[in-house]
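Trainee: Could you choose one part of this model and take me through it slowly? I'd like to know what surrounds it, too.

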Amino acid sequence: MITIFNMTGKVAVVTGAARGLGRAFTEALLKRGDKVCFCDVDNFGDDNVQFLPCDVRKDQEFTDFFNRVIQKYNTVDIMINNAGILNENQWRKTVDINLTAVIHGSLLAMEHMRNRSNSGGLILNVSSLAGVMPVSFCPAYTASKHGVIGFSRSWALQPEVRKNRIRIACLCPSFTDTDIIKGTYDSRVHGPELARRVMNSYELMVTDRVTEAFLRILDDLDNNGKVMMVTPTRGNDNDNDNETEPTISGLCRIQDKQLLAKLSSGDVIAQKMKYHPSCLAAVYRERAKKRQTEAENSCTQEKNMMKETALAELVTYFFETRRNSEESVVFRLADLAYLYEERLTQLGSSSAQVHSTRLRDKLLQKMPELEAHTKGRDVLLMFKKDI
Ligand SMILES: NC(=O)c1ccc[n+]([C@@H]2O[C@H](COP(=O)([O-])OP(=O)(O)OC[C@H]3O[C@@H](n4cnc5c(N)ncnc54)[C@H](O)[C@@H]3O)[C@@H](O)[C@H]2O)c1
Ligand SMILES: CCCCC/C=C\C=C\[C@H](O)C/C=C\C/C=C\CCCC(=O)O
(Lines give C-alpha, C1' and ligand atoms only; values in the text may rest on other atoms or scores of the structure.)
(Ligands and ions follow the chains in the order given, each with its own letter.)
Protein backbone atom coordinates (compact mmCIF):
# COMPACT_ATOMS: atom_id res chain seq x y z
CA MET A 1 0.00 0.00 0.00
CA ILE A 2 1.24 3.46 -0.82
CA THR A 3 0.37 6.79 0.65
CA ILE A 4 0.97 10.09 -1.04
CA PHE A 5 0.69 13.32 0.81
CA ASN A 6 1.32 16.90 -0.03
CA MET A 7 2.61 19.04 2.79
CA THR A 8 2.86 22.79 2.61
CA GLY A 9 4.68 23.02 -0.68
CA LYS A 10 6.20 19.61 -0.28
CA VAL A 11 5.15 16.24 -1.61
CA ALA A 12 5.91 13.00 0.17
CA VAL A 13 5.30 9.31 -0.46
CA VAL A 14 4.83 6.81 2.38
CA THR A 15 4.62 3.11 1.61
CA GLY A 16 2.47 0.76 3.69
CA ALA A 17 0.54 3.43 5.52
CA ALA A 18 -2.93 1.92 5.85
CA ARG A 19 -2.10 1.05 9.44
CA GLY A 20 0.69 0.84 12.00
CA LEU A 21 3.70 3.09 11.85
CA GLY A 22 3.10 4.32 8.28
CA ARG A 23 -0.34 5.47 9.26
CA ALA A 24 0.98 7.12 12.45
CA PHE A 25 3.67 8.93 10.43
CA THR A 26 1.05 10.13 7.95
CA GLU A 27 -1.27 11.33 10.70
CA ALA A 28 1.59 13.21 12.38
CA LEU A 29 2.28 15.04 9.15
CA LEU A 30 -1.40 15.84 8.72
CA LYS A 31 -1.46 17.24 12.25
CA ARG A 32 1.31 19.63 11.33
CA GLY A 33 -1.34 21.31 9.17
CA ASP A 34 -0.18 20.02 5.83
CA LYS A 35 -2.63 19.27 3.08
CA VAL A 36 -2.54 15.57 2.49
CA CYS A 37 -3.51 13.38 -0.38
CA PHE A 38 -2.61 9.71 -0.21
CA CYS A 39 -3.21 6.33 -1.77
CA ASP A 40 -3.79 2.82 -0.52
CA VAL A 41 -5.98 -0.22 -1.17
CA ASP A 42 -8.78 1.23 0.91
CA ASN A 43 -10.56 4.41 0.05
CA PHE A 44 -10.74 7.12 2.67
CA GLY A 45 -13.57 9.47 1.82
CA ASP A 46 -12.03 12.60 3.25
CA ASP A 47 -11.18 15.81 1.40
CA ASN A 48 -7.59 15.69 2.50
CA VAL A 49 -7.04 11.98 2.29
CA GLN A 50 -7.26 9.55 -0.58
CA PHE A 51 -6.02 5.96 -0.88
CA LEU A 52 -5.01 4.04 -4.00
CA PRO A 53 -3.64 0.49 -4.19
CA CYS A 54 -0.02 -0.43 -4.77
CA ASP A 55 1.96 -3.54 -3.92
CA VAL A 56 5.58 -2.43 -3.60
CA ARG A 57 6.67 -5.96 -4.46
CA LYS A 58 5.37 -5.48 -7.99
CA ASP A 59 8.05 -3.49 -9.79
CA GLN A 60 5.87 -2.04 -12.54
CA GLU A 61 3.05 -1.19 -10.14
CA PHE A 62 5.46 0.65 -7.85
CA THR A 63 7.14 2.53 -10.72
CA ASP A 64 3.77 3.48 -12.25
CA PHE A 65 2.56 4.65 -8.91
CA PHE A 66 5.62 6.81 -8.33
CA ASN A 67 5.24 8.34 -11.78
CA ARG A 68 1.60 9.10 -11.06
CA VAL A 69 2.63 11.03 -7.96
CA ILE A 70 5.02 13.09 -10.05
CA GLN A 71 2.41 13.63 -12.75
CA LYS A 72 -0.05 14.85 -10.18
CA TYR A 73 2.24 16.92 -7.95
CA ASN A 74 5.16 17.58 -10.29
CA THR A 75 7.58 16.52 -7.62
CA VAL A 76 8.44 14.28 -4.67
CA ASP A 77 10.38 15.82 -1.79
CA ILE A 78 10.15 13.03 0.76
CA MET A 79 10.10 9.28 0.23
CA ILE A 80 9.32 7.08 3.20
CA ASN A 81 9.91 3.39 2.52
CA ASN A 82 7.95 1.92 5.40
CA ALA A 83 6.06 -1.16 4.13
CA GLY A 84 7.28 -4.30 5.81
CA ILE A 85 6.30 -7.80 6.95
CA LEU A 86 7.79 -10.50 9.16
CA ASN A 87 7.28 -14.04 7.93
CA GLU A 88 10.18 -16.45 8.07
CA ASN A 89 8.08 -19.12 6.34
CA GLN A 90 7.81 -16.74 3.43
CA TRP A 91 11.34 -15.45 3.66
CA ARG A 92 11.61 -14.52 -0.02
CA LYS A 93 8.48 -12.39 0.23
CA THR A 94 9.86 -10.83 3.41
CA VAL A 95 13.11 -9.90 1.67
CA ASP A 96 11.21 -8.69 -1.43
CA ILE A 97 9.08 -6.26 0.57
CA ASN A 98 11.52 -5.26 3.32
CA LEU A 99 14.65 -4.89 1.23
CA THR A 100 14.11 -5.16 -2.54
CA ALA A 101 11.17 -2.75 -2.54
CA VAL A 102 13.07 -0.35 -0.26
CA ILE A 103 15.93 -0.38 -2.76
CA HIS A 104 13.47 0.13 -5.61
CA GLY A 105 11.64 2.97 -3.83
CA SER A 106 14.93 4.66 -2.92
CA LEU A 107 16.22 4.42 -6.51
CA LEU A 108 12.97 5.82 -7.90
CA ALA A 109 13.17 8.72 -5.48
CA MET A 110 16.87 9.30 -6.03
CA GLU A 111 16.50 9.32 -9.79
CA HIS A 112 13.75 11.91 -9.49
CA MET A 113 15.47 14.03 -6.84
CA ARG A 114 18.73 14.06 -8.77
CA ASN A 115 17.02 15.79 -11.67
CA ARG A 116 15.27 18.51 -9.79
CA SER A 117 17.59 21.49 -10.05
CA ASN A 118 19.39 20.99 -6.78
CA SER A 119 16.35 21.08 -4.48
CA GLY A 120 17.45 17.78 -2.94
CA GLY A 121 15.09 15.60 -0.97
CA LEU A 122 14.79 13.11 1.85
CA ILE A 123 14.60 9.32 1.62
CA LEU A 124 13.73 7.75 4.97
CA ASN A 125 13.95 3.97 5.09
CA VAL A 126 12.28 2.16 7.97
CA SER A 127 14.61 -0.56 9.24
CA SER A 128 14.42 -1.95 12.79
CA LEU A 129 16.53 -2.62 15.85
CA ALA A 130 16.83 -5.98 14.11
CA GLY A 131 18.85 -4.06 11.51
CA VAL A 132 21.71 -3.59 13.94
CA MET A 133 21.72 -6.81 15.95
CA PRO A 134 21.17 -10.53 15.42
CA VAL A 135 17.71 -11.86 16.22
CA SER A 136 17.68 -15.65 16.43
CA PHE A 137 13.98 -16.12 15.76
CA CYS A 138 13.78 -14.18 12.51
CA PRO A 139 17.02 -14.38 10.48
CA ALA A 140 15.52 -13.43 7.10
CA TYR A 141 13.71 -10.41 8.55
CA THR A 142 16.92 -9.44 10.35
CA ALA A 143 18.94 -9.82 7.15
CA SER A 144 16.47 -7.64 5.25
CA LYS A 145 16.66 -4.91 7.91
CA HIS A 146 20.48 -5.07 8.02
CA GLY A 147 20.36 -4.76 4.23
CA VAL A 148 18.28 -1.60 4.42
CA ILE A 149 20.91 0.03 6.61
CA GLY A 150 23.83 -1.11 4.45
CA PHE A 151 22.11 0.13 1.32
CA SER A 152 21.12 3.49 2.80
CA ARG A 153 24.47 4.23 4.41
CA SER A 154 26.33 3.31 1.25
CA TRP A 155 24.27 5.63 -0.93
CA ALA A 156 24.60 8.35 1.67
CA LEU A 157 28.37 8.32 1.05
CA GLN A 158 28.03 8.81 -2.72
CA PRO A 159 29.39 12.22 -3.75
CA GLU A 160 26.62 12.42 -6.39
CA VAL A 161 23.95 12.11 -3.71
CA ARG A 162 25.55 14.73 -1.50
CA LYS A 163 26.12 17.06 -4.45
CA ASN A 164 22.42 16.90 -5.27
CA ARG A 165 21.47 17.58 -1.64
CA ILE A 166 19.72 14.25 -1.31
CA ARG A 167 19.63 12.82 2.21
CA ILE A 168 19.17 9.13 2.99
CA ALA A 169 18.50 8.03 6.56
CA CYS A 170 17.16 5.02 8.49
CA LEU A 171 14.79 4.66 11.41
CA CYS A 172 15.29 1.60 13.64
CA PRO A 173 12.46 1.11 16.14
CA SER A 174 12.41 -1.55 18.80
CA PHE A 175 9.19 -3.57 19.36
CA THR A 176 6.21 -1.30 18.78
CA ASP A 177 2.53 -1.93 19.33
CA THR A 178 1.30 -2.51 15.75
CA ASP A 179 -0.21 -5.43 13.85
CA ILE A 180 3.18 -6.84 12.83
CA ILE A 181 3.79 -8.09 16.38
CA LYS A 182 0.25 -9.44 16.73
CA GLY A 183 -1.48 -12.56 15.46
CA THR A 184 -0.01 -16.03 15.41
CA TYR A 185 3.74 -16.45 15.47
CA ASP A 186 3.92 -20.19 14.96
CA SER A 187 4.34 -20.01 11.21
CA ARG A 188 6.08 -16.62 11.14
CA VAL A 189 9.14 -17.08 13.36
CA HIS A 190 11.57 -19.82 14.31
CA GLY A 191 10.93 -20.86 17.91
CA PRO A 192 7.77 -18.88 18.69
CA GLU A 193 7.96 -19.65 22.38
CA LEU A 194 11.40 -18.17 22.79
CA ALA A 195 10.47 -15.30 20.47
CA ARG A 196 7.51 -14.44 22.68
CA ARG A 197 9.69 -14.58 25.74
CA VAL A 198 12.32 -12.32 24.17
CA MET A 199 9.68 -9.88 23.02
CA ASN A 200 8.04 -9.81 26.44
CA SER A 201 11.36 -8.95 28.02
CA TYR A 202 11.35 -5.71 26.00
CA GLU A 203 9.13 -2.79 26.85
CA LEU A 204 6.65 -2.32 24.02
CA MET A 205 6.61 1.18 22.50
CA VAL A 206 3.51 3.04 21.43
CA THR A 207 3.51 4.38 17.89
CA ASP A 208 3.67 7.96 19.24
CA ARG A 209 7.18 7.28 20.56
CA VAL A 210 8.33 6.26 17.07
CA THR A 211 6.46 9.13 15.44
CA GLU A 212 8.25 11.58 17.70
CA ALA A 213 11.60 10.21 16.48
CA PHE A 214 10.29 10.20 12.91
CA LEU A 215 9.43 13.91 13.11
CA ARG A 216 12.83 14.70 14.57
CA ILE A 217 14.72 12.96 11.83
CA LEU A 218 12.43 14.55 9.24
CA ASP A 219 13.30 18.01 10.48
CA ASP A 220 17.01 17.30 10.81
CA LEU A 221 18.71 18.81 7.78
CA ASP A 222 21.95 17.06 8.68
CA ASN A 223 20.49 13.55 8.61
CA ASN A 224 22.24 12.10 5.56
CA GLY A 225 23.53 8.62 6.47
CA LYS A 226 21.96 8.69 9.92
CA VAL A 227 20.68 5.51 11.52
CA MET A 228 18.34 6.49 14.31
CA MET A 229 17.50 3.81 16.84
CA VAL A 230 14.28 4.26 18.75
CA THR A 231 13.81 2.43 22.04
CA PRO A 232 11.59 3.10 25.04
CA THR A 233 14.37 3.68 27.52
CA ARG A 234 17.03 5.56 25.60
CA GLY A 235 17.05 8.79 23.71
CA ASN A 236 17.13 8.59 19.93
CA ASP A 237 20.61 7.69 18.84
CA ASN A 238 22.70 9.93 16.68
CA ASP A 239 20.93 13.10 17.63
CA ASN A 240 23.68 15.49 16.76
CA ASP A 241 23.91 19.08 17.66
CA ASN A 242 23.87 20.58 14.22
CA GLU A 243 25.04 24.06 15.06
CA THR A 244 27.42 25.19 12.39
CA GLU A 245 28.25 28.45 14.12
CA PRO A 246 28.07 29.71 17.69
CA THR A 247 24.51 30.63 18.51
CA ILE A 248 22.75 32.46 21.30
CA SER A 249 21.84 29.09 22.80
CA GLY A 250 25.53 28.21 22.75
CA LEU A 251 26.31 31.42 24.60
CA CYS A 252 23.54 30.69 27.08
CA ARG A 253 25.18 27.37 27.81
CA ILE A 254 28.57 28.97 28.52
CA GLN A 255 26.74 31.59 30.59
CA ASP A 256 28.34 34.59 28.89
CA LYS A 257 25.69 36.82 30.41
CA GLN A 258 27.37 40.11 29.51
CA LEU A 259 27.61 39.26 25.85
CA LEU A 260 24.11 37.83 25.85
CA ALA A 261 22.67 41.03 27.35
CA LYS A 262 24.41 43.10 24.71
CA LEU A 263 23.30 40.81 21.94
CA SER A 264 19.68 40.88 23.02
CA SER A 265 19.72 44.68 23.14
CA GLY A 266 20.85 44.67 19.51
CA ASP A 267 24.33 46.06 20.32
CA VAL A 268 26.14 46.03 16.95
CA ILE A 269 29.60 45.76 18.48
CA ALA A 270 28.38 42.82 20.53
CA GLN A 271 27.02 41.21 17.38
CA LYS A 272 30.57 41.30 16.06
CA MET A 273 31.94 40.22 19.47
CA LYS A 274 29.93 37.06 19.11
CA TYR A 275 32.61 36.09 16.65
CA HIS A 276 35.46 37.36 18.80
CA PRO A 277 38.14 34.60 18.99
CA SER A 278 37.91 34.13 22.76
CA CYS A 279 34.09 33.89 22.65
CA LEU A 280 34.30 31.52 19.76
CA ALA A 281 36.89 29.42 21.56
CA ALA A 282 34.62 29.17 24.63
CA VAL A 283 31.64 28.15 22.51
CA TYR A 284 33.69 25.59 20.61
CA ARG A 285 35.17 24.20 23.86
CA GLU A 286 31.69 23.89 25.30
CA ARG A 287 30.47 22.17 22.13
CA ALA A 288 33.44 19.77 22.10
CA LYS A 289 32.64 18.86 25.71
CA LYS A 290 29.02 18.21 24.80
CA ARG A 291 30.04 16.05 21.85
CA GLN A 292 32.40 14.08 24.06
CA THR A 293 29.58 13.42 26.53
CA GLU A 294 27.36 12.37 23.63
CA ALA A 295 30.08 10.07 22.29
CA GLU A 296 30.45 8.54 25.75
CA ASN A 297 26.68 8.08 26.04
CA SER A 298 26.53 6.48 22.64
CA CYS A 299 29.40 4.19 23.63
CA THR A 300 27.49 3.16 26.77
CA GLN A 301 24.39 2.53 24.66
CA GLU A 302 26.41 0.36 22.30
CA LYS A 303 27.83 -1.61 25.25
CA ASN A 304 24.34 -2.06 26.70
CA MET A 305 23.14 -3.30 23.35
CA MET A 306 25.99 -5.85 23.20
CA LYS A 307 25.13 -7.02 26.71
CA GLU A 308 21.47 -7.39 25.74
CA THR A 309 22.45 -9.44 22.69
CA ALA A 310 24.85 -11.71 24.57
CA LEU A 311 22.29 -12.22 27.32
CA ALA A 312 19.50 -13.00 24.86
CA GLU A 313 21.76 -15.56 23.24
CA LEU A 314 22.42 -17.19 26.60
CA VAL A 315 18.67 -17.42 27.16
CA THR A 316 18.33 -19.08 23.75
CA TYR A 317 21.18 -21.44 24.64
CA PHE A 318 19.40 -22.44 27.88
CA PHE A 319 16.15 -23.28 26.15
CA GLU A 320 17.76 -24.99 23.17
CA THR A 321 19.87 -27.18 25.46
CA ARG A 322 16.86 -28.04 27.58
CA ARG A 323 14.75 -28.82 24.51
CA ASN A 324 17.39 -31.07 22.99
CA SER A 325 18.04 -32.96 26.19
CA GLU A 326 16.11 -35.95 27.44
CA GLU A 327 17.42 -35.46 30.94
CA SER A 328 17.48 -32.50 33.27
CA VAL A 329 20.22 -30.00 32.58
CA VAL A 330 22.42 -28.07 34.99
CA PHE A 331 24.48 -25.01 34.08
CA ARG A 332 27.53 -23.84 36.00
CA LEU A 333 27.43 -20.07 36.44
CA ALA A 334 31.19 -19.91 35.89
CA ASP A 335 30.77 -21.57 32.45
CA LEU A 336 27.94 -19.24 31.55
CA ALA A 337 29.99 -16.22 32.58
CA TYR A 338 32.81 -17.50 30.36
CA LEU A 339 30.45 -17.92 27.36
CA TYR A 340 28.93 -14.51 27.98
CA GLU A 341 32.35 -12.88 28.20
CA GLU A 342 33.53 -14.63 25.01
CA ARG A 343 30.44 -13.44 23.14
CA LEU A 344 30.88 -9.87 24.36
CA THR A 345 34.46 -9.92 23.10
CA GLN A 346 33.30 -11.27 19.72
CA LEU A 347 30.75 -8.49 19.51
CA GLY A 348 33.57 -6.01 19.93
CA SER A 349 33.27 -5.03 23.57
CA SER A 350 36.67 -3.80 24.71
CA SER A 351 36.10 -4.27 28.45
CA ALA A 352 34.23 -7.56 28.65
CA GLN A 353 34.81 -8.34 32.34
CA VAL A 354 31.76 -10.09 33.70
CA HIS A 355 30.38 -9.82 37.20
CA SER A 356 28.99 -13.31 37.71
CA THR A 357 26.52 -12.46 40.50
CA ARG A 358 25.04 -9.75 38.35
CA LEU A 359 24.85 -12.18 35.44
CA ARG A 360 23.08 -14.73 37.67
CA ASP A 361 20.50 -12.11 38.72
CA LYS A 362 19.89 -11.06 35.15
CA LEU A 363 19.40 -14.65 34.01
CA LEU A 364 17.00 -15.38 36.85
CA GLN A 365 15.09 -12.24 36.00
CA LYS A 366 14.82 -13.20 32.31
CA MET A 367 13.96 -16.84 33.10
CA PRO A 368 11.83 -17.09 36.25
CA GLU A 369 11.57 -20.85 35.70
CA LEU A 370 15.23 -21.18 36.74
CA GLU A 371 16.65 -21.53 40.21
CA ALA A 372 20.19 -21.02 41.51
CA HIS A 373 21.87 -23.44 43.91
CA THR A 374 25.26 -23.35 45.55
CA LYS A 375 27.32 -26.51 45.51
CA GLY A 376 30.74 -26.13 47.05
CA ARG A 377 32.36 -23.24 45.25
CA ASP A 378 30.04 -23.54 42.27
CA VAL A 379 26.78 -21.77 41.62
CA LEU A 380 24.48 -23.96 39.53
CA LEU A 381 21.46 -22.88 37.52
CA MET A 382 18.70 -25.34 36.69
CA PHE A 383 15.07 -25.47 35.70
CA LYS A 384 12.80 -25.63 38.75
CA LYS A 385 10.80 -28.46 37.21
CA ASP A 386 14.02 -30.50 36.88
CA ILE A 387 14.86 -30.29 40.56
N1 LIG B 1 6.10 -2.75 15.02
C2 LIG B 1 7.36 -3.06 15.30
O3 LIG B 1 7.69 -3.65 16.35
C4 LIG B 1 8.43 -2.63 14.37
C5 LIG B 1 9.71 -2.46 14.90
C6 LIG B 1 10.74 -2.10 14.03
C7 LIG B 1 10.48 -1.88 12.69
N8 LIG B 1 9.23 -2.05 12.21
C9 LIG B 1 9.03 -1.80 10.78
O10 LIG B 1 8.11 -0.75 10.61
C11 LIG B 1 7.49 -0.87 9.34
C12 LIG B 1 5.99 -0.72 9.51
O13 LIG B 1 5.51 -1.84 10.22
P14 LIG B 1 4.32 -1.75 11.29
O15 LIG B 1 4.87 -2.07 12.60
O16 LIG B 1 3.57 -0.50 11.11
O17 LIG B 1 3.49 -3.02 10.82
P18 LIG B 1 2.01 -3.14 10.21
O19 LIG B 1 1.85 -4.57 9.86
O20 LIG B 1 1.04 -2.54 11.12
O21 LIG B 1 2.08 -2.23 8.90
C22 LIG B 1 2.73 -2.63 7.75
C23 LIG B 1 2.01 -2.06 6.55
O24 LIG B 1 2.72 -2.44 5.38
C25 LIG B 1 1.76 -2.82 4.41
N26 LIG B 1 2.34 -3.71 3.43
C27 LIG B 1 2.73 -5.01 3.60
N28 LIG B 1 3.14 -5.51 2.44
C29 LIG B 1 3.02 -4.54 1.52
C30 LIG B 1 3.29 -4.46 0.13
N31 LIG B 1 3.75 -5.52 -0.55
N32 LIG B 1 3.06 -3.30 -0.51
C33 LIG B 1 2.57 -2.24 0.15
N34 LIG B 1 2.29 -2.26 1.46
C35 LIG B 1 2.51 -3.39 2.14
C36 LIG B 1 0.67 -3.52 5.22
O37 LIG B 1 -0.54 -3.62 4.49
C38 LIG B 1 0.58 -2.60 6.41
O39 LIG B 1 -0.33 -1.55 6.19
C40 LIG B 1 7.92 -2.22 8.79
O41 LIG B 1 8.95 -2.04 7.85
C42 LIG B 1 8.43 -2.96 10.01
O43 LIG B 1 9.38 -3.93 9.68
C44 LIG B 1 8.19 -2.39 13.02
C1 LIG C 1 6.96 -13.27 19.43
C2 LIG C 1 7.30 -13.00 18.03
C3 LIG C 1 7.83 -11.65 17.85
C4 LIG C 1 7.49 -11.20 16.50
C5 LIG C 1 7.97 -9.82 16.36
C6 LIG C 1 7.43 -9.28 15.14
C7 LIG C 1 7.90 -8.23 14.56
C8 LIG C 1 8.93 -7.39 15.11
C9 LIG C 1 9.50 -6.55 14.33
C10 LIG C 1 10.50 -5.58 14.83
O11 LIG C 1 11.15 -4.98 13.75
C12 LIG C 1 11.50 -6.21 15.73
C13 LIG C 1 12.12 -5.11 16.50
C14 LIG C 1 13.12 -5.29 17.24
C15 LIG C 1 13.83 -6.57 17.36
C16 LIG C 1 15.20 -6.27 17.82
C17 LIG C 1 15.81 -6.93 18.69
C18 LIG C 1 15.32 -8.14 19.30
C19 LIG C 1 16.43 -8.66 20.12
C20 LIG C 1 16.24 -10.08 20.31
C21 LIG C 1 17.09 -10.54 21.43
O22 LIG C 1 17.19 -9.84 22.45
O23 LIG C 1 17.58 -11.67 21.24
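Mentor: Let's start at ligand 2 and then follow the helices and salt bridges from there.

Some ground rules before we dive in: this is a predicted model, so local features need pLDDT of at least 70 and side-chain atom pairs count only at pLDDT 80 or more, while totals for chains, interfaces and linings use all residues. Residues are numbered from 1 along each chain as its sequence is written, chains are lettered from A and ligands numbered from 1 in the order in which they are written, and side-chain values use heavy atoms, with hydrogens and water left out.

Okay, ligand 2. There are 20 residues around it, and S128, Y141, Y185, Y202 and A312 come nearest (near means that one of a residue's heavy atoms lies within 4 Å). Who touches the ligand's oxygen atoms? A side-chain N or O atom of Y141 is 2.4 Å from an oxygen atom of ligand 2. For S128, the distance from a side-chain N or O atom to a ligand oxygen is 2.8 Å, and for Y202 it is 2.8 Å as well. On its own, ligand 2 has 640 Å² of accessible area, and the protein covers 96% of that (these areas come from the Shrake-Rupley method with a 1.4 Å probe; for residues, only the protein chains shown count as cover).

What is that shell made of? It splits into 17 nonpolar residues, two polar and one charged (Ala, Val, Leu, Ile, Met, Phe, Trp, Tyr, Cys and Pro count as nonpolar, Asp, Glu, Lys and Arg as charged, and the others, Gly among them, as polar). The biggest giver is helix α6, residues 192–200, with four residues in the shell (helices are DSSP runs of H or I with at least four residues, strands are E runs with at least two, and both are numbered from the N terminus).

Stay with helix α6 for a moment, as R196 there forms a salt bridge with D186, the closest N and O atoms being 3.7 Å apart. D186 sits in the loop between β5 (166–173) and α6, so to speak across from R196 in helix α6, and the two are 10 residues apart. D186 is exposed at 56% relative accessible area, while R196 is partly exposed at 34% (buried means under 20%, exposed over 50%, partly exposed in between, with a 1.4 Å probe and protein chains only). A salt bridge here is a side-chain nitrogen of Lys or Arg within 4 Å of a carboxyl oxygen of Asp or Glu, and by this rule the count comes to 16.

Two others are worth finding on screen. K366 and E308 meet in a salt bridge, 3.6 Å from N to O. K366 is in helix α13 (residues 356–366) and E308 in helix α11 (residues 277–323), so this pair ties together parts that are 58 residues apart in sequence. E308 is partly exposed, at 33%.

The other one is R114 with E111, whose closest N and O atoms are 3.0 Å apart. Both lie in helix α3 (residues 91–114), and because they are three residues apart, about one helical turn separates them. R114 is partly exposed at 23%, and E111 is partly exposed at 42%.

Conventions: A polar contact is a pair of N or O atoms within 3.5 Å; within protein, one must be able to donate a hydrogen and the other to accept it, and residues adjacent in sequence count only if both atoms are side-chain atoms.
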